[in-house]
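Please open the model in the viewer and set the display to cartoon. The tour proceeds by selection, from the whole chain to individual contacts.

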Amino acid sequence: MSFARISGTGGYLPENIMTNQDLEKLVDTSDQWIRERTGIKQRHIASKDETTVDLAEKASRLAIESAGIDPSEIDLIVLATSTPDKIFPSSACILQARLDIHGCPAFDIQAVCTGFVYALTVAEKFIQTGSAKKALVVGAEVFSRILNWKDRTTCVLFGDGAGAVILEASEETGILSTHIHADGKYENLLWVPHGISDGFDQVKEGKAYVEMRGNEVFKMAVNTLGRIVDETLAANHLKKADIDWLVPHQANIRIIKATAKKLKMPMEQVVVTVDKHGNTSAASVPLALDVAVRDGRIKRGELVMLEAFGGGFTWGSVLLRY
Ligand code: UT7
């Protein structure tokens with residue numbers, strides 16, 4: 001049985017940057033409040049005609065280039081998003097056509113902020129069982145489209161972007177373990193309360209926005225991510241000190257610091273992009289991974305823990321040797 005190893009990464013952020021000062025003009029907030037409570041200084045916002053697949057395509061092409069493969073070699077596309085371009089076809093299929101790939105399976109995964117961890121988990125199973133050899137795994141979002149720009153409790157938190165990896169069958173160690181979970185009973189702590197079969201009129205009227213009971217989500221996220229760290233270490237018979245890098249979901253610097261503390265890990269070993277990207281949901285983990293690979297922090301052979309928590313609730317982790 002072969003390993004699934006990341007052979008290339010890519011990331012893309014829309015050009016338009018929205019700072020905390022820009023938000024002060026929209027809602028009753030302050031740069032100081034946003035920075036102190038979340039660590040966010042700015043976020044990227046897609047232009048009017050820029051879609052999730054547009055961002056996904058740019059990130060994917062960079063991942064393909066860094067893996068040194070031809071798009072035609074890709075035999076699986078898994079794309080995590082909560083903000084698909086269309087109801088159907090899936091964003092993965094639209095991306096497949098853009099990349100001029102034909103015939104391989106392509107599908108979306110919906111696990112909100114845990115989407116990329118879910119997508120990587122599924123792609124790894126395909127590779128482990130010999131059903132795929134080179135998978136394109138993407139997290140891409142245009143969350144700005146489902147934000148109520150009059151609600152200061154949510155609109156300051158999120159941003160748009162895309163991250164992608166190529167996952168290849170390899171004799172060399174790659175992904176060591178994946179852990180994904182969900183508990184649907186927390187649905188209304190973090191949700192968009194309307195959808196296709198349940199309130200499509202509200203969607204059409206532009207009333208389908210993210211709603212969150214932030215403080216309750218915060219506590220659940222800190223506790224749950226603490227548990228997933230323990231679960232991941234135990235499954236691999238590893239000690240906290242064995243982990244070289246933590247690449248966490250980028251929702252809030254205080255949640256990230258709590259998880260780092262649980263791992264007894266100095267912040268120098270934690271990849272932080274929340275200050276510049278905000279929370280890009282399914283894109284946040286692959287974007288952070290790409291940043292740290294490209295700037296030379298994460299090197300081949302190092303042990304990396306990815307983790308995420310999001311709406312559903314969903315949560316999960318991936319331990320890999322890069
Ligand atoms: O990615 C999926 C997972 N998502 C998360 O993990 C997000 C988890 N939650 C959080 O990150 C934090 O709960 C928030 C950043 C959303 C909020 O921080 P908090 O420390 O939990 O603040 P809070 O919700 O308890 O609100 C404190 C105060 C409230 O005012 P009062 O009631 O104390 O007078 C809010 O109305 O801050 C007020 N507030 C704001 N003030 C200025 C809320 N949003 C803002 C704002 N600007 N943007």
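The stops below cover the whole chain, two sheets and a pair of helices.

**Preliminaries.** This is a predicted model, in which local features need pLDDT of at least 70 and side-chain atom pairs count only at pLDDT 80 or more, while totals for chains, interfaces and linings use all residues. Residues are numbered from 1 along each chain as its sequence is written, and side-chain values use heavy atoms, with hydrogens and water left out.

**Whole chain.** Select the protein chain, which holds 11 helices and 13 strands (DSSP runs numbered from the N terminus: helices are H or I with at least four residues, strands E with at least two). Its radius of gyration, taken over C-alpha atoms, is 18 Å, close to the 20 Å that the globule rule gives for 322 residues, so the chain is as compact as a globular protein of that length. The rule is 2.2 Å times the number of residues to the power 0.38.

**Five-stranded sheet.** Next, select strands 1, 7, 6, 4 and 5, which form an open mixed sheet in that order; strands pair if DSSP finds at least two bridges between them. Strand 1 (3-12) and strand 5 (106-109) are at the edges with a single partner strand each, so one side of each has no neighbour in the sheet. From one strand to the next, the twist averages 20°. Four bridges link strand 4 (residues 76-80) to strand 5 in the parallel sense; A80 has I109 as its bridge partner. Add helix 11 (residues 284-294), which touches strand 1, strand 6 (134-142) and strand 7 (160-170) (contact means heavy atoms within 4.5 Å).

**Four-stranded sheet.** Now select the open mixed sheet ordered 8-13-12-11. Its edge strands are strand 8 (175-182) and strand 11 (245-248). Strand 12 (residues 303-310) and strand 13 (residues 314-321) run antiparallel, joined by eight bridges, and L303 stands opposite R321. Both helix 5 (residues 115-128) and helix 8 lie across strand 8, strand 12 and strand 13.

**Helix pair.** Finally, select helix 8 (residues 214-235) and helix 9 (residues 253-262), whose axes come within 9 Å and cross at roughly 30° (axes are lines fitted to C-alpha atoms over the stretch in contact, and angles run from 0 to 180 degrees between N-to-C directions). That makes the two helices roughly parallel, a term for angles under 35 degrees. Which residues of helix 8 and helix 9 make the contact? On helix 8 they are F218, A221, V222, L225, G226, V229 and D230, and on helix 9 R254, I255, A258, T259 and K262.

How values were computed: Angles under 35 degrees count as roughly parallel, over 145 as roughly antiparallel, 65 to 115 as roughly perpendicular and the rest as oblique.
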